[in-house]
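Hi,

Here is the structure I said I would pass on. Have a look at it first, and my notes come underneath.

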Amino acid sequence: MLEGLSDKFRKVLKDVRGHGALSDSNIQDALKEVRLALLEADVNLVVVKDFIAAVKEKALGKEVLGSLTPGQQFTKVVHDELTRLLGGSEATLELKGRPPVIMLVGLQGSGKTTTAAKLAVHLKGRGRNPYIVPADMFRLAAVLQLKKLASEARVDCFDSEGYSKADAVCAEALRIAGIKGYDCVIVDTAGRLHIDDALMDELKTLKGILKPSEVLFVADSMTGQDAVNTAKGFDSAVGVTGVALTKFDGDARGGAALSMRMTTGKPIKFVGVGEKIDALEVFHPSRLAGRILDMGDVLTLIEKAEATLGEKEAKELQRKIKKDSFTLEDFKGQLQQIKKMGSIESILSMVPGFNAVKNAKDVKIDEKEILRVEAIINSMTMKERVDPSCLNASRRQRIAKGSGTKVSDVNKLMNQYQDMRKMMKMMRNSGGRGMKGLLNRMR
Amino acid sequence: MFKGIKAGLASLKAGLARTHNAIMGNVEAAFSGASREEILENLEESLILSDIGVAASSRIVDELRGQFAGKDPERLKELLRSSIYRILKEAEAPLVPTASPFVIMALGVNGVGKTTTIGKLASRYTSEGRSVLLAAGDTFRAAAIEQLELWGERVGCQVIRQAHGGDPGAIAFDAVRAAISRKSDVLILDTAGRLHTKTNLVEELKKVKRIVGRELPGAPHENLLVLDASTGQNALNQARLFNEAIGVTGIALTKLDGTAKGGIIVPIAGELKIPIRLIGVGESASDLKDFDAREFVDALI
């Protein structure tokens with residue numbers, strides 16, 4: 001995600017750290033670096049200037065608090081300012097009206113159709129009964145694309161096939177949604193340029209029909225300096241209520257997010273983080289700011305774990321960790337949960353400090369390793385899984401044969417398992433500051 | 001014919017007018033600056049605003065700094081123009097099929113306009129009297145195959161396809177075999193959009209390329225990277241990583257009809273020396289044009 005920025009800031013702050021106190025001159029250099037980093041991250045130049053001015057004012061005016069080093073102080077100022085700029089607290093979806101309508105607008109190729117399906121999955125997961133309406137009558141096969149995505153998501157979808165005009169689709173879909181009692185309607189519209197007056201007029205007409213409580217501007221996180229103009233253009237034409245930022249799982253530094261937020265004042269509500277249909281996250285400004293500064297994103301990680309694990313399983317796991325009765329069977333369950341949560345790399349990227357590790361060592365996480373470990377555990381008897389201390393040489397040989405691995409692989413897993421139990425003991429005793437140790441072990 | 005070129009030029013100019021205004025508006029504003037350094041600094045900022053990037057912008061301005069002593073706006077404009085032209089001219093190289101079948105593999109991140117560019121390219125080659133075969137290699141995105149088939153219907157060329165979720169390598173295999181036996185002049189292979197950072201998906205692309213090369217030595221003749229003009233500095237990463245993995249032989253820059261400036265191709269041309277083949281300046285098939293450095297710069301500044 002924004003690790004490019006994080007790395008830059010860390011370097012900058014390292015320099016400040018050595019200087020004793022925040023002075024006009026040493027902060028000047030740091031600010032210059034911050035400016036460069038933000039520009040390279042595609043933050044709009046005007047926005048960068050405002051940001052730098054605000055950080056400078058706050059950093060110089062502030063007393064260095066008791067135990068903080070000047071570097072930490074500067075980090076805090078940058079972090080606070082970044083959080084403020086990104087919108088302070090997270091913004092929720094406004095679902096008002098009968099039924100509430102969410103309308104997706106944006107440029108061609110920004111990811112509206114995919115986001116429509118992901119949003120439906122998101123709302124369904126929160127107990128809603130969404131209805132998807134494909135109203136992109138322009139791009140070839142756009143309607144079919146959304147119909148297919150909807151059936152994959154097991155969400156009902158209006159059949160726009162056979163219609164030629166989006167306004168007719170919207171009116172009819174709204175009527176049906178009212179009859180069938182859907183409690184939210186997600187409307188995908190055709191991609192268009194903000195300077196195409198005819199198409200922007202069509203969007204205004206659609207908005208008049210739909211009376212949406214949310215008009216989400218779907219924007220590519222790789223957008224450059226122009227993000228400001230497109231966001232402004234759509235906002236002034238149809239009144240945007242929020243932004244959904246897509247393709248955030250690449251290496252784009254995502255400066256567009258800062259730009260759009262600053263120039264339109266509209267909150268960023270969602271980020272798309274992968275190809276899978278559930279790869280949509282609620283946008284958290286403070287967490288993102290932390291991420292920019294490489295403070296990690298543990299909260300998202302925990303939330304993700306909770307969503308896939310379920311409360312009951314999470315509690316059970318906690319109990320087991322507490323009682324030190326974590327077996328290989330539990331370990332296998334864990335691996336399956338991790339697989340559900342997404343790629344290992346995307347999970348690890350939320351762990352504080354991991355970005356630095358990754359870049360330094362060019363770590364490639366081997367997803368096949370998980371399969372191997374699973375195979376090994378599957379080749380064990382239940383007794384062996386619960387009490388691995390009974391694993392003697394002949395049992396290990398049998399397991400290796402059964403799982404198509406080598407005895408050394410089995411031994412390696414057993415060592416990892418023992419390490420993990422030790423880690424859990426550490427976490428029990430120190431209350432959670434064991435992430436670093438875990439990371440070291442993984443390397 | 002002459003009329004067509006003129007009309008094309010006009011639409012390109014219209015498409016780039018906003019860019020022009022953005023840059024030159026700033027250049028003119030730059031003269032309100034008191035000192036020469038201020039003028040140069042403002043100029044650098046206006047280049048940054050067009051997505052040319054910090055490094056390339058300061059390089060261009062440093063060059064101007066050496067050549068330009070006074071404050072004459074026309075002179076400045078001339079120098080800026082020739083500075084950018086020199087960079088882009090080296091990358092100007094239209095895409096001309098040199099073999100038969102000539103195999104083009106389109107690649108790029110999600111949503112840049114690969115399928116649309118393929119459709120437009122097929123339309124161009126067909127109207128030139130070449131026989132074109134399309135291959136629906138994007139088996140991942142829902143309805144991507146159908147989208148390409150509709151283009152095939154529209155343009156009047158055949159499409160090699162398999163079911164959704166199929167193996168893109170198998171389609172590439174079929175397509176190359178079909179292109180050879182049907183004696184097609186051009187085969188254009190669509191691929192699923194993928195972020196350049198997804199190692200496994202880039203590996204898949206390498207495999208497709210390998211299969212094409214095995215079935216037809218020398219193919220694919222063109223690995224065409226499609227870039228969205230509204231993309232910022234990340235386009236440089238895209239070009240770099242795809243180039244390292246696949247060996248990009250040409251670039252198509254799409255969506256130049258908005259307010260996006262497409263300035264990112266300046267550092268790409270300067271740093272990576274990848275030929276820029278095509279630009280997309282509108283929705284219709286005729287809006288895909290050969291990249292022309294002079295035209296581009298003239299419309300830009």
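Below is what I found, starting with confidence and then going through the two interfaces.

First, bear in mind that this is a predicted model. Its scores are ipTM 0.86 and pTM 0.77. Chain B has a mean pLDDT of 87, with 88% of its residues at 70 or more. Within chain B, the element with the highest mean pLDDT is strand 1 (residues 102-107), at 98, while helix 1 (residues 2-30) has the lowest, at 50. The start of chain B is the part to watch: pLDDT is below 50 over residues 1-9, and that stretch makes two contacts in the model beyond near neighbours in sequence. Where pLDDT is low, the predicted coordinates should not be read in detail.

Now for the A/B interface. Chain A puts 34 residues into the contact and chain B puts in 41. Between them the two chains bury about 3300 Å², and carbon and sulfur atoms account for 57% of that. On the chain A side, the residues that lose the most area to chain B are A:Leu140, A:Met222 and A:Glu275, which together make up 20% of what that side buries.

As for polar links, the rule finds four salt bridges between chain A and chain B. One pair to look up is A:Lys49 with B:Glu45, a salt bridge whose closest N and O atoms are 2.8 Å apart. There are also 15 residue pairs in polar contact across this interface, counting pairs with both residues at pLDDT 80 or more. Helix 2 (24-40), helix 3 (45-61) and helix 6 (142-153) of chain A each give at least two residues to the side that touches chain B. That side of chain A is made up of 12 nonpolar, 10 polar and 12 charged residues.

Then there is the packing inside chain A, which is divided into domain 1 (3-85), domain 2 (101-291) and domain 3 (300-442). I looked at the first two: 18 residues of domain 1 of chain A contact 19 residues of domain 2 of chain A. About 1600 Å² is buried between these two domains, 58% of it from carbon and sulfur atoms. In domain 1 of chain A, A:Asp42, A:Asn44 and A:Leu85 lose the most area to domain 2, together 33% of what that side buries.

How many salt bridges are there between domain 1 and domain 2 of chain A? The count is zero, though five residue pairs are in polar contact there, with both residues at pLDDT 80 or more. By class, the domain 1 side has nine nonpolar, five polar and four charged residues.

Cheers

Methods: Residues are numbered from 1 along each chain as its sequence is written. Chains are lettered from A and ligands numbered from 1 in the order in which they are written. This is a predicted model: local features need pLDDT of at least 70, side-chain atom pairs count only at pLDDT 80 or more; totals for chains, interfaces and linings use all residues. Side-chain values use heavy atoms; hydrogens and water are left out. Contact means heavy atoms within 4.5 Å. Buried area is the accessible area (1.4 Å probe) that two parts lose on being put together, summed over both. A salt bridge is a side-chain nitrogen of Lys or Arg within 4 Å of a carboxyl oxygen of Asp or Glu. A polar contact is a pair of N or O atoms within 3.5 Å; within protein, one must be able to donate a hydrogen and the other to accept it, and residues adjacent in sequence count only if both atoms are side-chain atoms. Helices (H or I, at least four residues) and strands (E, at least two) are DSSP runs, numbered from the N terminus. Ala, Val, Leu, Ile, Met, Phe, Trp, Tyr, Cys and Pro count as nonpolar, Asp, Glu, Lys and Arg as charged, and the others, Gly among them, as polar. pLDDT is the predictor's confidence in each residue, from 0 to 100. Domain bounds come from an automatic or database domain assignment.
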